[in-house]
Every structure is written in structure tokens, then in C-alpha cells.
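Work through these exercises on charged side-chain pairs. Each task is followed by a stepwise solution.

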Amino acid sequence: MSSTHPPVVFIHGLWLHASSWARWQEHFVRAGYESVAPEWPGEPKTLDQARADPDSIAGRGIDDLVQHFGALVDAMEQRPVLIGHSLGGLVAERLLGQGRGAAAIAIDAAPIKGVLALPFAALRSIMPVLRKPANRHKAVSLTTEQFRSGFANAVPDEESAVLYEQWAVPAPGRPVFEAASANLRRRSPAKVDTNNAERGPLLLITGGKDHTVPTAMTRSTQKQYRRSTAVTDLIELPDRGHSLTIDSGWREVAHICLAWLARHGL
């Protein structure tokens, strides 16, 4: 592998499985990057196993993910590029803020501590979890309608149904509660070191039609980095929703990521 191509670590978000990055990994290999897409702690190896055993990931929180992926990153010979979607984007931001990545790309990333914007669409997307306090300790599944509304609202109905069957898995409720209460807790696990001027470059990508993490939230995330002189770029894709890493337009997003890495010598 060329020294100009650092390894890539893909980090998936809630309600998806690690295998959802498979096409991205193949695409990045063709561009000269080696990559891994590790499972979350406790996450079964296959989609079928994840659907059959939701309790395997129940109760996992943001700190559990940061510790898990941090250990994997620290064991690598070269600091990797961290690419995360949704909650995986927040994890990538935390690791980058700790100086553990060469760069990070956070795609429709869950809001970090300090983000106050909460559009109604975002609240509606997380209500299936928040409406039952007991969900904090459980794994929660989305219905086809909830997936359509929160993930796949920017694609046709038929594609939404296919994506649900292909990729949707139960997810732990705990991170949703942690993110929702981030600004009420002094030591929130959603807190990122946004002042680190020595960190690598960060790209935030937002889908303009995203209901789960609307653009207003991503723009607010970018503002949290205003005291750092490190690169914090934002790219908006006006017609894309939260499913942008798995739907039929995923290559466009992957190309944007590769082009941005090239611009920064990575």
C-alpha cells in the first residue's frame, strides 16, 4: 500500500450493520486504500444473526463504541482515516479530536454536545426510541414506515422497501438517550474536543433532505469547531437523505470523500 494512502476505518451508525460498508470498501480498494469495517462491540457477524439476536448489542453506549474503535485504531501501524455515518460519524469525530486519526469524514453525523438545533423531523425520527424510557437498556427495531420516514425519505418507496430488507437491524437505544441529553450533562459521551488545533482535517457531509440529522444540525456541529484552526469542511448534498451511504446514490458520496482526501494529500 502506498504511503500516500493511509488505511481507512469505516464506522456504521444505528440500525445498520457493518456489512453495509462492503461496497464502499471495494470502491476504496480500487482507489488504493486498504480498509476495515469492524462490527460494534457485541454485534454479530452477519445481518441474519443481528436480527435474530438483538440483545447482543442492547445497552451499548457511545463510550463503549469509542473505546472499542479506539483500541482498534491504536493497534494500527499508521493512523487511519475515519469515515463514519450517523452515530459512527460522532464516534469518528471523538477519535479525531483525541488525535487518533489522520483525518475524519462524518456523514450525516449524530449531533455532538453543543448542538442546540432540534428540527421537528429529527425529533420525530428518534421518538420511537425516546418514548419508552426502558428502551435505554434495550435494542430497538424500526418499522418499515419509521425507516422510510427517518432514513429513506429521499428515495422512491420501492427502493426504501428494498433498503429496509437489505440492511435494517435492531440498534441499542442507549446512544439515542445519550445524544438527546448531551447538553444537560456536564460529562456527556457526545462531547468532542472541538478546540484541538493539532488534529487532522474533518469533513462534515450533510444530506439536505435528511430527517434524522437535518442540515441545520450539521451546520451547528461545524460551528462548534470555530475555535480550532484545523480544517473543518462542510459539503451539503441537497437532494440526499439519511440513507445516502447505502442507497443507489452511494457512489456519489464515496467519490466526494475520495476527492476530499486527495485534496488534503491523503
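**Exercise 1.** Find the salt-bridge partner of glutamate 236 and place both residues.

*Solution.* Step 1: glutamate 236 pairs with arginine 219, with 2.8 Å between the closest N and O atoms. A salt bridge here is a side-chain nitrogen of Lys or Arg within 4 Å of a carboxyl oxygen of Asp or Glu. Step 2: glutamate 236 sits in strand E8 (residues 232-237) and arginine 219 in helix H9 (residues 215-224), so the pair links distant parts of the chain, 17 residues apart. Helices (H or I, at least four residues) and strands (E, at least two) are DSSP runs, numbered from the N terminus. Step 3: glutamate 236 is partly exposed at 32% relative accessibility, and arginine 219 is partly exposed at 38%. The classes are buried (under 20% relative accessible area), exposed (over 50%) and partly exposed (in between), with a 1.4 Å probe and protein chains only.

The model is predicted: local features need pLDDT of at least 70, side-chain atom pairs pLDDT 80 or more, while totals for chains, interfaces and linings use all residues. Residues are numbered from 1 along each chain as its sequence is written, and side-chain values use heavy atoms, without hydrogens and water.

**Exercise 2.** Trace the salt bridges of arginine 240 to aspartate 247 and glutamate 252.

*Solution.* Step 1: aspartate 247 meets arginine 240 at 2.6 Å, N to O. Aspartate 247 is buried at 3% relative accessible area; arginine 240 is buried at 10%. Step 2: arginine 240 also meets glutamate 252, at 2.9 Å, N to O. Arginine 240 lies in the loop between E8 and helix H10 (250-263) and glutamate 252 in helix H10, so this pair ties together parts 12 residues apart in sequence. Step 3: glutamate 252 is partly exposed, at 40% relative accessibility.
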